[in-house]
Amino acid sequence: MNVHEYQAKQIFREFGIPVPNGKMCTRDDSVREAAQELGGDTWVVKAQVHAGGRGKGGGVRVVRSLEEAEKAADDILNMRLVTAQTGEEGREVRKVLVEEGVAIQKELYLSMLVDRASNAPVIICSEAGGMEIEEVAAETPEKVLRETVEPNLGLRTYQTRRIAQALGLSGQTVRQAGKMLSNLYRLFQETDASMVEINPLVVTESGDLIALDAKLQFEDNALFRHDEIVALRDIDEEDPLEAQAAELNLSYIRLDGNIGCMVNGAGLAMATMDLIQYVGGSPANFLDVGGGASAASVEKAFRIILADPRVKAILINIFGGIVRCDRVAQGVAEAAGNVDLKVPVVVRLEGTNAEEAREILEASTIDFVVAANLREAAEKVVSAM
Ligand code: ADP
Ligand code: MG
């Protein structure tokens, strides 16, 4: 789960990680009053969307008067923000963060994430901040330090010193870095974060360390013990179909292709997607309705697939083990009858009561394409398009 920068910065504050003072504003709030309250003579108005690269896309503006702040917020709240991470359709901006402008001496990079290869948290840092770390890593890998944290020992002092050195820090800033890193590690553990990224982490003109940007990602499987984090969810920022599927407890992920897939069991779903690719097609989604899919959940899943305008054909591949195929067929036939079905639907049902299922589908007024096995189903759905 992702949160906005303003929410991540609030969590940073709670864990003692320095961030600029700021205020989140929607279209209903007075940006002028917010800026006035913050004081100072320089502010930064920042689009709040769940996507990075906002600066380059025009979603971060530095302003030097209250009028300019108002104007910048107005512009940003009325734009569709396009960044490297939003796709070309861009993103509607519903909130901005108005924060005090910081006099920057140096921009650094710092992140912490779970490294699957070493089964441990890893801290990645670089003196080359403000730009994309992937680029830095590709072009100047010597400028990137990876420090693996042994989970049973926690972050050690020698490691924070090594990081401070890699960041080119000196004097009292080194001590600030030590404190920041141990607070960050505590945040990472206590909130069950899967990723924290501060890009840029800056050294100010006065030599203080402060997080200018904040990206936080939480492990979905641990959200059950973090009501306070779940409360930060912004449904507007999520793919509407994915959000709908999550509410129905379906594992659904949108992909780039055009063949909608409905499968029970994650392994079978992966195999189905592989086979579609193998015969020259491209899946529009991953969807696991669960091993014990009921007719009702099949119907809901079917509706979600149909709501995706890119879907040009559907492949339903259900193995009736816990669930009976005839029940699934009933659900599919009913769902298809209740919507205006414009795309071909290929169905492969195997397992308990497969024969009854086939009869139900063939008796239906909908022209289902019935396939006898998975290979045939994949070929039929590709040629049906
Ligand atoms: P993004 O990564 O989405 O582009 P950032 O928060 O990193 O957004 O902002 C982009 C750039 O804007 C930063 O690298 C920094 O130079 C500048 N910036 C952001 N916030 C502030 C601030 N409070 N004061 C001064 N400059 C800022
Ligand atoms: Mg950034």
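This is a guided tour of a predicted model, moving from the whole chain to selected charged side chains.

Residues are numbered from 1 along each chain as its sequence is written, and chains are lettered from A and ligands numbered from 1 in the order in which they are written. Local features need pLDDT of at least 70 and side-chain atom pairs count only at pLDDT 80 or more, whereas totals for chains, interfaces and linings use all residues; side-chain values use heavy atoms, with hydrogens and water left out.

**The whole chain**

Begin with the protein chain in cartoon view, where 13 helices and 18 strands appear; helices (H or I, at least four residues) and strands (E, at least two) are DSSP runs, numbered from the N terminus. Along the principal axes, the C-alpha atoms fill a box of roughly 80 × 50 × 40 Å. Of the 385 residues, 48% are buried (under 20% relative accessible area; exposed is over 50%, partly exposed in between, with a 1.4 Å probe and protein chains only).

**Glu5 and its partners**

Select Glu5 and Lys46, whose side chains meet in a salt bridge (2.6 Å, N to O). The term denotes a side-chain nitrogen of Lys or Arg within 4 Å of a carboxyl oxygen of Asp or Glu. Lys46 lies in strand β2 (residues 43-47) and Glu5 in helix α1 (residues 5-14), so this pair ties together parts 41 residues apart in sequence. Both residues are buried.

Next, add Arg54, which also forms a salt bridge with Glu5, the closest N and O atoms being 2.8 Å apart. This pair links helix α1 to the loop between β2 and β3 (60-63), 49 residues apart. Arg54, like Glu5, is buried.

**From helix α3 to helix α2**

Move to Glu70 and Arg32, a salt bridge with closest N and O atoms 3.4 Å apart. Because Glu70 lies in helix α3 (residues 66-77) and Arg32 in helix α2 (residues 31-38), the pair ties together parts 38 residues apart in sequence. Glu70 is partly exposed at 34% relative accessibility, and Arg32 is partly exposed at 28%.

Now return to Glu5 and extend the selection: salt bridges that share partners join Glu5, Lys9, Lys46, Arg54, Glu99 and Asp213 into one network. The whole structure holds 29 salt bridges.

**Helix α12**

Finally, select Glu355 in helix α12 (residues 354-363). Its relative accessible area is 47%, which makes Glu355 partly exposed.
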